[in-house]
Amino acid sequence: MENNGIALRKPVKILDGIPMLIICIVICIALYILGITKTFSNNTMRYLLKIFLYITMGEMWNLMSGFTGMTSLGQQVFVGIAGYSVAVFTSTFKMSMWLGLLVGAVIGVVFALLLSLILFRMRGMYFAVATWLIAEAVRLWFNSWRFVKQGAGMTIATSQIPKVRELYIYALTLCIIALVVVYILLRTKTGLGLTAMRDDADASSSVGVNIFKSKLLCYLICSLFIALAGGMFALQKGSVLPSSSFSIDWTVAMVFIVIIGGVGTMAGPILGGIVYVILSEFLAHFPGWSNIILGAIAILVIIFLPDGIIGTLQKKLNFEIFSQKRLSEPKKVKGLKEKANMA
Amino acid sequence: MGNILTFDHIDAGYGRVQILHDLSFSVEEGEVFGVIGPNGCGKTTMFNALIGLIVPNHGTITFNGHNITKMKPDARCHLGIGRTYQVPRPFEGMSVYENVLVAAVHGANHNEKTGRQVALDALKLTELYDKREIRAGELTLLDRKRLEIARALGTEPKLLLLDEVAAGLTEAEVQDVIKMVKNLKAAGYSIIWIEHVIQTMVEATDHLMCMSEGHELLIGEPRPVMDSKEVEEVYLGVEEEDEEDE
């Protein structure tokens, strides 16, 4: 048969299972210990906590755009809402920053639920533009709202701002929870449908995937985690401004992270987040040029590595990391080496 | 055996453009029902009305005792109507097995454990079993068409709609498709098959309907329908020339 060449091809290697789990747990514990024991300098922790928060945001944006095809350009609205919530609760009401963070996340999710009524009637470009417009409208609203001191912005009560080390631990925890949520979600029945939607939404609906339900679930999870990450960013900065808290730069960063790492892969945004933070810290020495350079890098990646760094490596070397792949054989616990020998 | 599907005086179309005019036919349970007709006669529109992409203006569609005329597509999918796309649309990043598993889990409401067996059975019937771990994007055209069918089978349909599955295939591959359809029939599926390749229709169908301008022109045994004067007039004159070109 003419297909023998394909049939004999080695199946994809899956880097998953017990060994991978152990590696991940070791890395997480190491990060916790290094943070708690003050082995990291405050500066290192500041970088790392940024990386954790950007990974969280990238992973969530990837869930929305990479899997369900909802390319939102307005996710900064949740960053802003949570940031302002933290500021209002700590400065105006003199309450705990945790309450501010929690209320910010709840408002974010409720707002997302309301938006979904309008937004889910749109697809593709229309969806992207609508999300952006809504975010801009909210920014303008905050810009003229007296209660939040209009365009002057607000500061977060200094007594409530956690130390860098504490914030580092919170950010790391949020990042781990976000990754675990995405990992588990992709392994459920809904996740199987999401992977199908990533490849062809219409065909997936014709085999019975409920597109609306999947989209709504992703949108809500995404809004929740982006709000939490946004609130932590506000704590790190110590202040919120309509122009920066609701800036489209947040979404641009998420898009960059996902494109660099690889759309529709779970490992992509992790690498993307690391690359983005390192690049943007480095490029801070060249003010004015930084966005141009970041943009040029994104364009080059889109042209030469359309699947992103992780996506391209996976295809070239025929492996998948954190794969949600379902195997037709019932899963056995095997070492990494033996995984290659299935056939 | 009784009828699994009945079209009763259906008028349907897109917006104001009416494509189907007073179309009536019925499909017996367990048979292969072929549909031919020149381009633009409404074959694919008939499928769209059947799976629920368009709602008829007039008439009723009865499937397995249910009036499905105004039902939503996913509800019809769950009742047991499975379709294939004329141009295959596999989930390219997923393996062949996962493609079918999606259908079994979401279309037939299995969990992933019970869906596994359904998916493997569908792959065996369509002779894709040995290629189950390959990425669907790497399949050849014939295998993509097989995958379309396997995915439709994954939803555990009673009635299977095949939309030009033999188009664009070599003669040997067409034989493979005919063999596969015969296997499916033996496995108990009722099938409606739209096709331009005449050979498949004569060899594999139990009844054949020729459509013309949105209306059934002739329904009957395949040979007599093919040989009839009316069909020759609307259709075969053109088609035979096409065949020679190939």
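**Figure 1. Charge placement in chain B of the predicted model.** Chain B carries 23 positive and 41 negative charges. Their mean positions lie 10 Å apart. The exposed surface of chain B comes to about 10,100 Å². Carbon and sulfur atoms supply 48% of that area.

**Figure 2. Charge placement in chain A.** Here the count is 29 positive and 14 negative charges. The two mean positions are 8 Å apart. Chain A exposes about 16,100 Å². Of this surface, 70% comes from carbon and sulfur atoms.

**Figure 3. An open sheet in chain B.** Four strands line up in the order β2-β1-β4-β5. Their pairing is antiparallel. Which strands sit at the edges of this sheet? They are β2 (17-28) and β5 (66-67) of chain B, and each pairs on one side only. In general, strands of a sheet pair through backbone hydrogen bonds, and the pairing can be parallel or antiparallel.

**Figure 4. Close-up of the β1-β4 pairing in chain B.** Strand β1 covers residues 3-14 of chain B. Strand β4 covers residues 58-63 of chain B. The two run antiparallel and are joined by 5 bridges. To find the register, start at Leu5(B): its bridge partner in β4(B) is Phe63(B).

**Figure 5. The fold of chain B as a whole.** Chain B holds 9 helices and 10 strands. Its C-alpha trace spans about 50 × 40 × 35 Å along the principal axes. The radius of gyration is 18 Å; a compact globule of 246 residues would have one near 18 Å, so the two agree. Of the 246 residues, 57% count as buried. Now take the contacts in chain B with a separation of 6 or more: 66% of them are between residues 24 or more positions apart.

**Figure 6. The fold of chain A as a whole.** Chain A has 16 helices and 4 strands. Along the principal axes, its C-alpha atoms fill a box of roughly 75 × 50 × 40 Å. How does the radius of gyration fit a compact globule, and what is its value? Chain A has 21 Å, which agrees with the value near 20 Å for a compact globule of 343 residues. Buried residues make up 49% of the 343. Among contacts in chain A between residues at least 6 apart in sequence, 80% join residues at least 24 apart.

Note on methods: Residues are numbered from 1 along each chain as its sequence is written. Chains are lettered from A and ligands numbered from 1 in the order in which they are written. This is a predicted model: local features need pLDDT of at least 70, side-chain atom pairs count only at pLDDT 80 or more; totals for chains, interfaces and linings use all residues. Side-chain values use heavy atoms; hydrogens and water are left out. The radius of gyration is taken over C-alpha atoms; the globule rule is 2.2 Å times the number of residues to the power 0.38. Buried means under 20% relative accessible area, exposed over 50%, partly exposed in between (1.4 Å probe, protein chains only). Contact means heavy atoms within 4.5 Å. Accessible areas come from the Shrake-Rupley method with a 1.4 Å probe; for residues, only the protein chains shown count as cover. Lys and Arg count as positive and Asp and Glu as negative; His and the chain ends are not counted. The place of a charge is taken as NZ of Lys, CZ of Arg, CG of Asp or CD of Glu. Two strands pair if DSSP finds at least two bridges between them.
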